[in-house]
Amino acid sequence: MKLTTQKRLAADVMKVGMSRVWIDPDFQDEVSLAITKDDIRRLVDEGAIQKKQVIGVSRGRARHVMAQKRKGQRKGPGHKKGKATAKLSKKHRWMRKIRPLRRELSRLRDEGKITRKVYRELYLKAKGNAFRNTAHLRTYIAEQKLEVSK
């Protein structure tokens, strides 16, 4: 039994494509007799003709991934794209390094643990990228015996 005309009319009535029209197999005889749009509307109201749900890609996995990213996960080295400077520029890396070093030097000078002359010497060394971090600076001061002995 060919129901292409009825399918076309039903698609028009329900404002969907023909592929989304579903005709109940139990009502096929009744549907085959429907020749006007009013007949089709009546069958739609009865439930003999229904529209299929749109087939789409589930967003469930995407939502899960977004939730993980909001928590700060999935940001490891395997997820980074671009150069090392893409996430943090050279300038910002330098600022992160030099500010604590200078803070530590001025603290040591203010507390009187190093002289002004040693402070200036170490300040310039820090500027020249001689120290990796504040711990490295402290070990250098201890090794070179630059602390003021009281």
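A salt bridge is taken here as a side-chain nitrogen of Lys or Arg within 4 Å of a carboxyl oxygen of Asp or Glu. By this rule the count comes to 9 salt bridges in the structure, which is a predicted model.

One of these pairs lies within a helix. The side chains of Arg 42 and Glu 46 form a salt bridge with an N to O distance of 3.0 Å, and both residues belong to helix α3 (residues 37–46), where they stand 4 residues apart, about one turn of the helix. An α-helix has 3.6 residues a turn, so residues three or four places apart point the same way. Arg 42 is partly exposed, with a relative accessible area of 40%, and Glu 46, at 45% relative accessibility, is likewise counted as partly exposed.

Further salt bridges involve residues with numbers from 109 to 113. Asp 110 and Arg 109 meet through their side chains at 3.5 Å, N to O; Asp 110 is exposed, with a relative accessible area of 59%, whereas Arg 109, at 29% relative accessibility, counts as partly exposed. Glu 111 forms a salt bridge with Lys 113, the closest N and O atoms being 3.5 Å apart, and here Glu 111 is partly exposed at 40% relative accessibility, as is Lys 113 at 35%. Through salt bridges that share partners, Glu 111 and Lys 113 are joined with Glu 104, Arg 107 and Arg 138 into one network.

Positive charge is also found outside these pairs. Lys 69, Arg 74, Lys 75, Lys 80 and Lys 87 gather in a patch of positive charge on the surface. Within this group, Lys 80 is placed in the loop between α4 (60–70) and α5 (90–110). Because membership of a patch requires over 30% relative accessible area and no salt bridge, the relative accessible area of Lys 80, which is 47% and makes this residue partly exposed, satisfies the accessibility part of that criterion.

The packing of the N-terminal helix was examined next. In helix α1 (residues 4–14), the residues Gln 6, Leu 9, Ala 10, Ala 11, Val 13 and Met 14 are buried, and the buried residues of this helix pack against two helices and two strands, namely α2 (28–33) and α3 together with β1 (21–23) and β2 (49–51). Helix α3 thus appears both as a packing partner of α1 and as the element that carries the salt bridge between Arg 42 and Glu 46. Just after α1, Lys 15 adopts a positive phi of about 55°.

Note on methods
Residues are numbered from 1 along each chain as its sequence is written. This is a predicted model: local features need pLDDT of at least 70, side-chain atom pairs count only at pLDDT 80 or more; totals for chains, interfaces and linings use all residues. Side-chain values use heavy atoms; hydrogens and water are left out. Patches are made of residues with over 30% relative accessible area and no salt bridge: like charges are joined within 9 Å, nonpolar side chains (Val, Leu, Ile, Met, Phe, Trp, Tyr) within 5 Å. Accessible areas come from the Shrake-Rupley method with a 1.4 Å probe; for residues, only the protein chains shown count as cover. Lys and Arg count as positive and Asp and Glu as negative; His and the chain ends are not counted. The place of a charge is taken as NZ of Lys, CZ of Arg, CG of Asp or CD of Glu. Buried means under 20% relative accessible area, exposed over 50%, partly exposed in between (1.4 Å probe, protein chains only). Contact means heavy atoms within 4.5 Å.
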